[in-house]
Amino acid sequence: MTSFDHRKYRPVARVPAFDRQWPDRDLESAPTWVSEDLRDGNQALLEPMSVEQKKRLWKQIVRVGIEEVVVGFPSASQPDYDFVRWLIEEDQIPEGVTISVLVPCREHLIEKTFESLVGISRAIIHLYNSTSTTQRERVFEMDRQGIIDIAVNGARRVREHASRYPQVDWRFQYSPESFSTTEIDFSLAICEAVMDVWQPTPDSRCILNLPNTVEMAGPHHHADQIEYFCQNISRRDSVIISVHTHNDRGGAVAAAELALLAGAERVEGTLLGNGERTGNMDIVTLAMNLYSQGIDPGLDLSRPDEIIQVVTECTGIPMHPRHPWVGEMVYTAFSGSHQDAIRKSLRKQGDDEPWQVAYLPIDPRDIGRDYQAVIRVNSQSGKGGMTFLLERDYGISLPRWMMLALAPLVQQESERLSGELSSESIRRLLFATFMREAPLSLVDYRLSRASEEGLTITLQNDGERLELEGKGNGAMSAFMNAWQQHTGQQVGILDYNEHSLGGDSDADAIAFVQLNVDGQRVSAVAEDSDTVSASLKAVISGLNLAREMAGASDSLSAMAE
Ligand SMILES: CC(=O)SCCNC(=O)CCNC(=O)[C@H](O)C(C)(C)COP(=O)(O)OP(=O)(O)OC[C@H]1O[C@@H](n2cnc3c(N)ncnc32)[C@H](O)[C@@H]1OP(=O)(O)O
Ligand SMILES: CC(C)C(=O)C(=O)O
Ligand SMILES: [Mg+2]
């Protein structure tokens, strides 16, 4: 075989044919969430967390509302042991929160684990051993019975140690580690053997945790394994079925979600998916998946930035900016058609109606993000994005013809800069292109109203003062008439739009005008303290721009001659 040769691999075996129900089910409620941040997450770090870091992360996990927290492997590491002691001695475990500790089926480690828990009022003892064919044959070199014996002996030791502390509310959990690559009949057999020792009842249920230790197959395989197990395990009403998925194929969240459809009721994971290899199941993502479907996740994820800060600082692992739901860039659209659709949908979205905004699966405000970041402009953006930014930050509402005129300039500019354009630079570009305050400029004007609007306007033209008078059905047409009479130029208003301004601008009004000047189409803009002044200045801008354009074409003709 060559080094990259798919024939090296085999598809994972499926469970036997059975009456599969999960594809027709929908999720209706949140599972019991279990944080593995302080154990599986910690065991995947280059530098495991110190006790102080564990304390900080613990507080965050509890703040989010997770009620079952795996706090470590106290028989294996001194910081884990010390952390458990701190929790107990400093009375740090709130009412309603239960801690869990992991231990392999080895007598001295079980003993040490119970020692770490002296003084606790309730806890989950989580016992595990590996069950897959590979583990049996290549790691433990044992047959099925040998592996069952390890589990049964471990279960007995746990029961015996627990019985020495009858005042404690113990709960027992067993994981056939590597469940998803274990033959399903063997997984069932070993779990039955453990239950025979623990004798769970509906009032004192044990937890059977079925880990996708290494994700080797699609999430539908995992769902089949879980449902098959649920249908065939005895004492179902005395068992809590828990799942623990890893992300080797990128499907940890999907596998957990389908496992819930398949009958699991408890999900182990970490807050942002840190964990062995590609990580554990990401609790924030799964919880937000439920939230976005109208299901209460039972966790407070309204301040994900706080979670991100604590998790990244404690683990030393940065988060991807496109991390599902909470990444820095996930509510930002650069591409033109997305920006256009977001802008239009947001305008129509009422406060009290179901969320219906294109390209935004949830309202970013729910998790403390604002609309500031929703639309950003680069060379992939169209008129929607720049229009949104000008409206949002300056209250400028561009008429459609001005959007069409400005959009290619914005695109050229962001291509030239190879980057993002701020609303400020888009505004600057608008005025630099479509406003000219010289050589013709407005000095003063007076309006008088009779049957028609009368205008007396004082201008500065190439340094000379000019006073004109005209009549029309508005200030602009009175000015046009006066100007035509004085210059003989043919000037018509093709389109016109003005409005008052909000936002950060100093001006109170803005006007856009599209003129026909001696057959030449010119678009112009101006701002001023009132709409009449802004309109007159917009026309003056248009006349100046027409003069510039005529000057440019004269010099081109002169060059051609
Ligand atoms: C999928 C998971 O996340 S499982 C959790 C894994 N997490 C960890 O291992 C982190 C903490 N572990 C440790 O620090 C160490 O492994 C310790 C302290 C627990 C034990 O260390 P050591 O005694 O040196 O043993 P080591 O880790 O090499 O374990 C291998 C031995 O334990 C046996 N073993 C491994 N897992 C189990 C288990 N769940 N139950 C019983 N025996 C087990 C192996 O067969 C092997 O036995 P051998 O020594 O007779 O060959
Ligand atoms: C110990 C078990 C639950 C585990 O972490 C795994 O199988 O991934
Ligand atoms: Mg794991």
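These are my notebook entries on a predicted model, covering two ligand shells, some annotated positions and three helix pairs.

**Entry 1: the annotated domain**

I began with the UniProt record. The unreviewed entry lists residues 31-305 under "domain: Pyruvate carboxyltransferase". I then looked up the secondary structure of that range and found 43% helix and 19% strand. The C-alpha atoms at the two ends of residues 31-305 lie 23 Å apart.

**Entry 2: the annotated binding site**

Which residues does UniProt list for "binding site"? The unreviewed entry gives Asp40, His244, His246 and Asn280. I checked how these positions are spread: they span 241 residues in sequence, yet no two of their C-alpha atoms are more than 10.3 Å apart, so they gather at one spot. I also looked up where Asp40 sits, and it belongs to helix 1, residues 37-41.

**Entry 3: ligand 2**

I listed the shell around ligand 2 next. It consists of Asp40, Leu102, Tyr128, Ser175, Glu177, Asn209, Pro211, Thr213, His244 and His246. Asp40, His244 and His246 are thus in this shell and are also among the positions in the UniProt "binding site" record.

Which strands each supply at least two residues of this shell? I noted strand 5 (169-177) and strand 6 (206-212). Sorted by class, the residues around ligand 2 are three nonpolar, five polar and two charged.

**Entry 4: ligand 1**

How many residues surround ligand 1? I recorded 14, and the closest are Phe73, Ala76, Pro104, Cys105 and Asn129. The class breakdown of the ligand 1 shell is eight nonpolar, three polar and three charged residues.

**Entry 5: helix 2 and helix 11**

I moved on to helix packing. Helix 2 (residues 51-64) packs against helix 11 (residues 304-315) at an angle of about 155°, and their axes are 10 Å apart. Angles over 145 degrees count as roughly antiparallel, so that is how I logged helix 2 relative to helix 11. The crossing of this pair is left-handed.

For the contact, I listed Gln53, Arg56, Leu57, Gln60 and Val64 from helix 2, which meet Ile307, Val310, Val311 and Cys314 from helix 11. These contact residues divide into six nonpolar, two polar and one charged.

**Entry 6: helix 9 and helix 10**

Helix 9 (residues 252-261) and helix 10 (residues 283-291) have axes that come within 10 Å and cross at roughly 55°. Because of that angle I put helix 9 down as oblique to helix 10. I noted the crossing of helix 9 and helix 10 as right-handed.

Which residues make the contact? Helix 9 contributes Val253, Ala256 and Glu257, while helix 10 contributes Thr285, Leu286 and Asn289. By class I recorded three nonpolar, two polar and one charged for the contact of helix 9 with helix 10.

**Entry 7: helix 12 and helix 13**

The last pair I looked up was helix 12 (residues 336-348) with helix 13 (residues 383-394). Their axes come within 6 Å and cross at roughly 45°. That crossing angle makes helix 12 oblique to helix 13.

On the helix 12 side I found Gly336, Gln339, Asp340 and Arg343, and they meet Gly384, Gly385, Thr387 and Phe388 of helix 13. The class count for the contact of helix 12 with helix 13 is one nonpolar, five polar and two charged.

Conventions. Residues are numbered from 1 along each chain as its sequence is written. Chains are lettered from A and ligands numbered from 1 in the order in which they are written. This is a predicted model: local features need pLDDT of at least 70, side-chain atom pairs count only at pLDDT 80 or more; totals for chains, interfaces and linings use all residues. A residue is near a molecule or strand if its C-beta atom, placed from the backbone, lies within 6 Å of it. Ala, Val, Leu, Ile, Met, Phe, Trp, Tyr, Cys and Pro count as nonpolar, Asp, Glu, Lys and Arg as charged, and the others, Gly among them, as polar. Axes are lines fitted to C-alpha atoms, for helices over the stretch in contact, and angles run from 0 to 180 degrees between N-to-C directions. Helices (H or I, at least four residues) and strands (E, at least two) are DSSP runs, numbered from the N terminus. Angles under 35 degrees count as roughly parallel, over 145 as roughly antiparallel, 65 to 115 as roughly perpendicular and the rest as oblique. A crossing is left-handed if the near helix is turned anticlockwise from the far one by less than a right angle, and right-handed if clockwise. Two residues are in contact if their C-beta atoms, placed from the backbone, lie within 7 Å. UniProt positions are given in the numbering used here, feature names are shortened, and annotations may be inferred rather than shown by experiment.
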